[in-house]
Amino acid sequence: MMQKLIFDLTSLEKTDNLARKIATHLFPGAILLLWGGMGNGKTTFAKSICAGLGILPEIVSSPTYTIVNIYPGNLTVFHVDLYRLTSPEDLDDFDREDLISFEGVSMIEWPEFILSHLSNCPTLNLSFKTITENHRQLTLESKYTDFDILFNTLEQENLSSLKNLKPLGMEVK
């Protein structure tokens, strides 16, 4: 069953609060797929996820040229950026363990070419859309029951801990 939540992010504070809330519900082997164009907030969100996992956000940077940065924290984070890849074959030089952490959390920006390597892995899709310069829309989606607690918590708490961050829509497919 596909679960979906849509959030209206109108400040860095709301973005940070949501990311940190999500981080508290991550688990070893969780894979976050970060979708969206350049400047849509993927790396900013990744910094806040890392902060929620006990990693200094100052050390988090986009691994566009290194492909993967590894950050030790409460859970080790593999932060992957596949922007420079032009085809799925570009991944042939990597072992799966180079890009995906089974003991920690993996966050993958520009994940189009790695999808075929992730079948049956617990993935959470985070799609970022720019509405205005200071306004983003974030859609969370997953078909994996591993994320049920996250979805249920965000819905049941009515997001009060996120300082009145209102979901634009909640649906279960």
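Contact here means heavy atoms within 4.5 Å, and that criterion underlies the neighbour lists at each stop of this tour. The model is a predicted one, in which local features need pLDDT of at least 70, side-chain atom pairs count only at pLDDT 80 or more, and totals for chains, interfaces and linings use all residues. Residues are numbered from 1 along each chain as its sequence is written, and side-chain values use heavy atoms, with hydrogens and water left out.

**Whole chain**

Begin with the full cartoon, which shows four helices and eight strands, where helices (H or I, at least four residues) and strands (E, at least two) are DSSP runs numbered from the N terminus. Followed along the sequence, the order of elements is β-α-β-α-β-β-α-β-β-β-α-β. The radius of gyration, taken over C-alpha atoms, is compared with a globule rule of 2.2 Å times the number of residues to the power 0.38; the protein comes to 15 Å, close to the 16 Å that the rule gives for 173 residues, so it is as compact as a globular protein of that length. Along its principal axes, the C-alpha trace spans about 45 × 35 × 30 Å. Of the contacts with a separation of 6 or more, 66% join residues 24 or more positions apart.

**The nonpolar cores**

Next, colour by burial, with buried meaning under 20% relative accessible area, exposed over 50%, and partly exposed in between (1.4 Å probe, protein chains only); buried residues make up 49% of the 173 residues. A nonpolar core is a set of buried Ala, Val, Leu, Ile, Met, Phe, Trp, Tyr and Cys residues joined through side-chain atoms within 4.5 Å. The largest such core has 34 residues, and Ile22, Ile49 and Leu126 have the most contacts inside it. Elements that give two or more residues to this core include strand S1 (3–9), helix H1 (12–23), helix H2 (42–52) and strand S6 (123–132). A second, separate core of 16 residues includes Val80, Leu91, Ile100 and Leu118.

**Helix H2 and Ile49**

Select H2, where eight of the 11 residues are buried, so the helix is largely enclosed by the rest of the structure. Its buried positions are Lys42, Thr43, Phe45, Ala46, Ser48, Ile49, Cys50 and Ala51. Then show the surroundings of Ile49: leaving aside residues up to four places away in sequence, Ile49 touches Ala19, Ile22, Ala23, Leu26, Leu32 and Met107. Just after H2, Gly54 takes a positive phi of about 85°.

**Two positive phi values outside glycine**

Most residues other than glycine have a negative phi. Ile67, in the loop between H2 and strand S3 (68–71), nevertheless has a positive phi of about 75°, and Ile67 is buried, with a relative accessible area of 9%. Move on to Trp110, which is placed in the loop between S5 and S6 and has a positive phi near 55°; Trp110 is also buried, at a relative accessible area of 17%.

**Ser127 in strand S6**

Finish at Ser127, whose place is in strand S6 and which, at 24% relative accessibility, counts as partly exposed. Ser127 touches Trp35, Gln137, Leu138 and Thr139, when residues up to four places away in sequence are not counted. For a last distance, select the C-alpha atoms of Ser127 and Leu154, which lie 17 Å apart in space and 27 residues apart in sequence.
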